[in-house]
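Trainee: Could you take me through one part of this structure up close? I'd like to see where the two chains meet, and how that fits with the rest of a chain.

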2 protein chains.
Amino acid sequence: MSALYEKHKDTLLKAKQVIKTREEWAAYPEMPSERHYGEGAKQKGEDDFNALLGNKFELKVPMQDADYVTCQSTSPFGIDTTMQFPKLDKKTLLDRSQQAQKQWRRLDAETRFGVCLEVLERLSKKSFLMVHSVMHTTGQPFMMSFQAGGPHALERGLETLAYAANAIESTAPSVQWNKVTGKDKEGNLITVAMDKHFIPRGKGIDVTIGCATFPTWNGYPGIFAALVTGNSVIVKPSDNAILPLAITVDVMREVLQEENINPDVVQLAISNGDNAYTQDILKDKRIKMIDFTGSNAFGDWLKENTNGVQLYLEQAGLNNILIQSTDNFKAMTSNIAFSLSLYSSQMCTAPQNIYIPKNGIETNDGHKSFDDVAQGIATAVEKLLGDDRRAFALMGALNNEGVCKRVNDSAQSDKTFVLAMEKANFEAFPNANTAKPQIIKVDQNDALIYEEQFGPIAYVIETEDADSALTLVCDSIEEYGAMTTALYSVEDDFKQKAIDDIADAGSPLSVNLTGGVYVNQSSAYSDFHGSGLNPAANVSLTDLGFVAPRFGWVTVREQTN
Amino acid sequence: MSALYEKHKDTLLKAKQVIKTREEWAAYPEMPSERHYGEGAKQKGEDDFNALLGNKFELKVPMQDADYVTCQSTSPFGIDTTMQFPKLDKKTLLDRSQQAQKQWRRLDAETRFGVCLEVLERLSKKSFLMVHSVMHTTGQPFMMSFQAGGPHALERGLETLAYAANAIESTAPSVQWNKVTGKDKEGNLITVAMDKHFIPRGKGIDVTIGCATFPTWNGYPGIFAALVTGNSVIVKPSDNAILPLAITVDVMREVLQEENINPDVVQLAISNGDNAYTQDILKDKRIKMIDFTGSNAFGDWLKENTNGVQLYLEQAGLNNILIQSTDNFKAMTSNIAFSLSLYSSQMCTAPQNIYIPKNGIETNDGHKSFDDVAQGIATAVEKLLGDDRRAFALMGALNNEGVCKRVNDSAQSDKTFVLAMEKANFEAFPNANTAKPQIIKVDQNDALIYEEQFGPIAYVIETEDADSALTLVCDSIEEYGAMTTALYSVEDDFKQKAIDDIADAGSPLSVNLTGGVYVNQSSAYSDFHGSGLNPAANVSLTDLGFVAPRFGWVTVREQTN
């Protein structure tokens, strides 16, 4: 048994249990505390990050012959984050990936599991470096950068290992197979005996295309699922969020080399604005699977240009909230306000369209009109973000110029604002791009609400009644996709019908969230992130369907009589 | 619990066990004996078949508004098999499939399993009708038509149900989820409690495109995998092999209707030579998965035109035999002769290219030259097929005009024949299209051997030595794909290296077969048919990767405190 597997197998075993029971569990500490991460960890992480800025990112196990290319970038918080990263030509990158896979696929599964589990542990120890790397590439606030960029991403990685273990262990490694095939002349049974072995083998090369907002959280499932099932991985970060995945690749190559495995099992691909570089790699016939989180435009390009390669896609979606009634109006509006504010609504799970019946709703505070509900949410947002330090902690910064332009254009339009856009002032980062949520009142026929307005723009939508709101929500899920839906209803008949209909439409659903958990949040081992059942994603992160197709079985059978 | 599920659950449980252990097992009797199928079953099956010929195929649960179209066909055995089948316009077909799926996906999983298991049992009872239907559409001999068309196909269907059950049961249906999210002002822990439900849901519509040679065996895995996971299925048979799948659809619709389920969950699509009809259906965006066994040309069309839809493809491959040494020369040549003769080498698993070192091999009968080995195989074929009744029982007939032309053209070429082509005379079917295997001696540089020559054409290939034969075999697998490879070697070092290299190349491998089991044969529950690791197929029939991506999970979570 591999020493690394032995070291970590209890962690894997526990993960295997909880993906079945779906209980709350965590392997990696989610609080950014030196109690978990060791004395001095905070300062060391910050120092390590600052030492990287402006410099070459040197892989501890270099990609030989790579050129260093300068990747210009400015953090969403306004600091210069330009660095140089190693870049290989396409042919060398692909040839080495193929070559490395030939060794990697031959290793026994436990060796691969051991390597992946060790990588997760070492990445966990770098969480205070990762936090700054994620924060200053994505614009996430500090706490989210720590949690979603570090431990929660690692949990998603571990989760895929657990699924992979189940898929591999679903078949016995060998069997003595006997079959009666006839009788001889004396009437004795003739039996054929065979010794059979079943060998799981990775299918080839995976390309994981990182996203700009959650490079590790959305990247780790595909990377670890592909790796542990015997594929090599080319990690192609978003041009705006290279560092978090470069750190990941660095740790992976280090562990691989220590185990005397060809480190080119994992390589970094830097496009640096050269789309043809990425596209040529993706169209190479050695690529057997592609993991992508990002825009519809590029997702559609993949569907049209990769000729039947296995695609694991998360594209754009439109997330809805349906408010029919509540027994805790204040907590509901606070919960929604938090969801609209978190990372400036730049999560794929953030709600955008809030459906409210035009005649209002029943609540614990009596009847509330449409405007009461809309204003209640707006007030809750104002209260939540009124303090700039809290706004900094919750909102973070706008990810890119496109988001800045979109929110500014929207803020200057002649819509009916329930809440006008405001900027926030972050003491530590005066040049950060910020925008508090704007809330716009619209009619259910307004076409704008049916497009994703990525960023802090929300719509409160006047509907005929709750039933028509439900129809609109379901139609929206089926037509535009949804990563999440939230429902507020305390009337049993309506609630059950809404749950059934939204499940039919294929969206993950959160019901009556009033505190502590938010619709944007998806917990590893318990919540399936996406369903694979609507246009927002063709698969969950993570379920068996996300992992099992990444490897095949070779049957070797030998007659033994 | 559904009554049908209760009736059949022990069968499913046993199938779940054996897909893990990979032991020999069968649920449906493979011998065409009235001891298993009841007195009078043989005659009834033949009578039922004869009553269908020349007539309308009436579904017991009709597809309303369908037109009957005349499908001209002649059996490979020479009898007129023209029949009329019901055909719906594309739009109606798709709309009804979508509509039916809305009910089907909502049913609890046990109801769907019950329906599928009952269908398998009823199809088993029709095995003596199926045998003639398969024989006179595909050209398979009687015994193979019975086994591969009936019970063995049903085992493959049941096998997918077992995988689906494992995939669905991998997640608990619900959990009470609790998480400590912080402390209140008094320092007490704050816990959020959530009630979570996990609902498996089919992704939409599956189209299964039947193949001309094994309509049921290759069709059932996809049909049952899609159905049981909550998808509706459109069954599009090959124009030359409609009847076996029409019978299948008939039984399915009957069981669905009896259970008060919309029978349009399963529909028949008859293209009748109209490729646009098929292609337009396949390009509809409601189609979420496509199962196809057949030509590279159409498989490639699917890859290029279906925009990221999940494809389960078995295309052309080149199957090889590598002979390095043997301790039972006579049994080896007999075994190979059988494999070359079975169904006139029209199995996707049939060997074509036989690699033999030019300096010959060591055997239990001493050294054998290349020509000795080639001649040994040829002699074994002549002996096996010398008797016309045995030839009839083993070879069956040539599937279509294309195969007839190919074998005739090859037979008339100026190649070096170790065994020239001969026709067989089938007493019962004087107009059958027949051809015994031709064996052609070639050099390893001959390009022809690197194309699939579907039909009874085999090549004995002179290689420099066994090592170069191994290299050629592995290169062939990686470049052209292979559903099977056979190895004869009794020298441990070579054997182990060959096993490792062929496993690396990604082909299923049979070693030293000398009797009772043939390289063409793949046993449900034990042998993975295809590996998904080389160009011949992108997936196994069947493993978890074949089943799990067909459904997704909806997470419904409700805060309860």
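Mentor: Let's start with the place where the chains touch and then work inwards. Keep in mind that this is a predicted model.

The contact takes 66 residues from chain A and 66 residues from chain B. On the chain A side, strand β19 (residues 551-559) gives the most, with eight residues. Sort that whole side by class and you get 27 nonpolar, 22 polar and 17 charged residues.

Now zoom in on β19(A). This strand is joined by three bridges to strand β18 (residues 509-511) of chain B, and the two run parallel. If you want one pair to look for, find A:Val556: its bridge partner in β18(B) is B:Leu509.

How do the two copies sit relative to each other? A turn of 180 degrees, with a shift of 0.0 Å along the axis, lays chain A on chain B with an RMSD of 0.0 Å. That's the relation of a two-fold axis. And 100% of the interface residues of chain A are also interface residues in chain B, so the copies meet through the same surface.

Next, step back to chain A as a whole. Chain A is divided into domain 1 (3-315 + 540-559) and domain 2 (320-511). Their centres, taken over C-alpha atoms, are separated by 34 Å. Where these domains touch, 15 residues come from domain 1 and 18 residues from domain 2. On the domain 1 side, helix α7 (residues 142-149) of chain A supplies the largest share, three residues. That side divides into seven nonpolar, seven polar and one charged.

Finally, let's go inside. The largest nonpolar core has 368 residues, and those touching the most other members are A:Cys116, A:Leu161 and A:Tyr355, along with B:Cys116, B:Leu161 and B:Tyr355. Follow A:Cys116: leaving aside its neighbours within four places in sequence, this residue is in contact with A:Leu161, A:Phe224, A:Leu227 and A:Val228. Helix α9 of chain A spans residues 220-228 and is mostly covered, with nine of its nine residues buried. The buried residues of α9(A) include A:Phe224, A:Leu227 and A:Val228, which are also contacts of A:Cys116. It fits a broader pattern: in soluble globular proteins, nonpolar side chains tend to be buried together. After α9(A) comes A:Gly230, where phi is positive, near 100 degrees.

Key:
Residues numbered from 1 in each chain as written. Chains lettered and ligands numbered in written order. Predicted model: local features only at pLDDT ≥ 70, side-chain atom pairs only at ≥ 80, totals over all residues. Core = buried A, V, L, I, M, F, W, Y, C linked by C-beta atoms within 7 Å. Buried ≥ 20, exposed ≤ 12 C-beta atoms within 10 Å, placed from the backbone. Contact = placed C-beta atoms within 7 Å. Helix = DSSP H or I, 4+ residues; strand = E, 2+ residues; numbered from the N terminus. Least-squares fit on C-alpha atoms with pLDDT ≥ 70 in both. Domains from an automatic or database assignment. Nonpolar A, V, L, I, M, F, W, Y, C, P; charged D, E, K, R; others polar. Pairing = 2+ DSSP bridges.
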